[in-house]
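Reader: I would like to go through a structure by asking short questions about it. Please take me through the answers step by step.

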Amino acid sequence: MSTEHDHANCRELLGQFSDYIDGDLEAALCAEIEAHLAGCPDCQVMIDTMRKTITLYHTQAAAELPSDVEKRLYKVLNLEE
Amino acid sequence: MAGDAHVSEAELLANLRAGEPAVYRQLVESNSANIYNVALRLLGDEQEAEDVLQETFLSAFKAIDRFEGRSKLSTWLYRIAYNASLMRLRKRKQITAFSLDQPLREDGEGDEQASRHLVDWSMAPDDQLLTAEARQVMDQAIAALPETLRSTFVLRDIQGLSGTETAEVLGITVQAVKNRLHRARLHLRARLSDYFAERAKSLQPAT
C-alpha cells in the first residue's frame, strides 16, 4: 500500500464500485473511478475480486433440477406424462 | 406444440387459463430449476427448498386467473417462491437474528478491515478456484448474510435478474436493490478473499 496515496478517496469511491461493475454509473463518475484505479492498485484489486466473486457464484449455481425432485414435483402437480 | 420458444407471455397466459396441461408443463419446465435454486439458496435446506418449489407452483396454478400479467410470469413465480421462503425463515426466527439494523457498515468498511491484505486472486481460472472446499466456503458465506442481502444477491447476481425484476420480486425500490447488492457483494468478496488469499499463499510460497 503506497504511503503517498490518499485513501480517503478510496473510501468515498468504494460505495460506487457495484454500480461501476454493473455499468450503471454516469460517464463522469466512471471516468473519475477509472482515473483513480490507474493510480490505486488496492482499489483495482477490490474491483477485480468483487467481479470474480460475482462470477464464481454465478458459475457454481446449479442449473438443473435434481431428477428425483423433478419427478416428485410433476407428481404433486398432476403433470406426469 | 409449434414455436414454443416464441410464444408471447400473453399467449402463454391465455393458454394457461384455458387449462392446457402441455402449457402447464412448459411453465414448470422453464421455471422450476430457477425457483428451486432460489429457495435452496435462501433456506439452505434441500427438503425445504423442494417444499417451496411445490408450494410455488400449486399456488401459482390456483391463482393463475387472478394474475394480471403486469409483471413477467417468471417474476411472479419468483415472488411467490420468495414469499414462501420468507415465511419459513420467519418461522425459524432467523429474521429476528438478522434484522435490517444489524451492525453492518453501509460502506462495507467493517468487512474490509478483516481483509485489509488485498491479495489479487481474481486471475485464477474458475475451475481451479471452485474446489469442493471452496464451494463450501461460498455456501457458508452466503448463508451468513442477512436475509435482505442474501435474497438480493441470489436474485440479481446468481439468477441474473435485472435490477427492476429483483425490485419487483422483493417489493423494494431499484435503488434499495442497488444498496443491498453492494453490501452483499462487499461481504462476500471479503469472505472469499480471506479464503482464497490464504489458499494462494499455501499454493505459491514466496520466492
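Reader: How many helices and strands does the secondary structure of chain B come to?
Author: This is a predicted model, in which local features need pLDDT of at least 70, side-chain atom pairs count only at pLDDT 80 or more, and totals for chains, interfaces and linings use all residues. Residues are numbered from 1 along each chain as its sequence is written, while chains are lettered from A and ligands numbered from 1 in the order in which they are written. Helices (H or I, at least four residues) and strands (E, at least two) are DSSP runs, numbered from the N terminus. On that basis, chain B comes to 11 helices and zero strands.

Reader: Into which domains is chain B divided?
Author: Domain bounds come from an automatic or database domain assignment. For chain B they give domain 1 (4-94) and domain 2 (101-203).

Reader: Which helix gives the most to the side of domain 1 of chain B that touches domain 2 of chain B?
Author: Two residues are in contact if their C-beta atoms, placed from the backbone, lie within 7 Å. By this rule 12 residues of domain 1 of chain B are in contact with 13 residues of domain 2 of chain B. On the domain 1 side, helix H2 (21-43) and helix H4 (73-91) of chain B each supply at least two residues. The most, five residues, comes from H4(B).

Reader: Which helix gives the most to the largest nonpolar core?
Author: A nonpolar core is a set of buried Ala, Val, Leu, Ile, Met, Phe, Trp, Tyr and Cys residues joined through C-beta atoms within 7 Å; buried means that 20 or more other C-beta atoms lie within 10 Å of a residue's own, against 12 or fewer for exposed and in between for partly exposed, with C-beta atoms placed from the backbone. The largest such core has 55 residues, and Val38(B), Ala39(B), Ala81(B) and Phe153(B) have the most contacts inside it. Helix H4 (41-60) of chain A is among the elements that give it two or more residues. With 11 residues, the most comes from H2(B).

Reader: What percentage of the residues of chain B count as buried?
Author: The count runs over the 207 residues of chain B. The share that count as buried is 37%.

Reader: How many residues does the contact take from chain A?
Author: Chain B gives 36 residues to this contact. The elements giving two or more residues to the chain B side include H2, H3 and H11 of chain B. From chain A the contact takes 32 residues.
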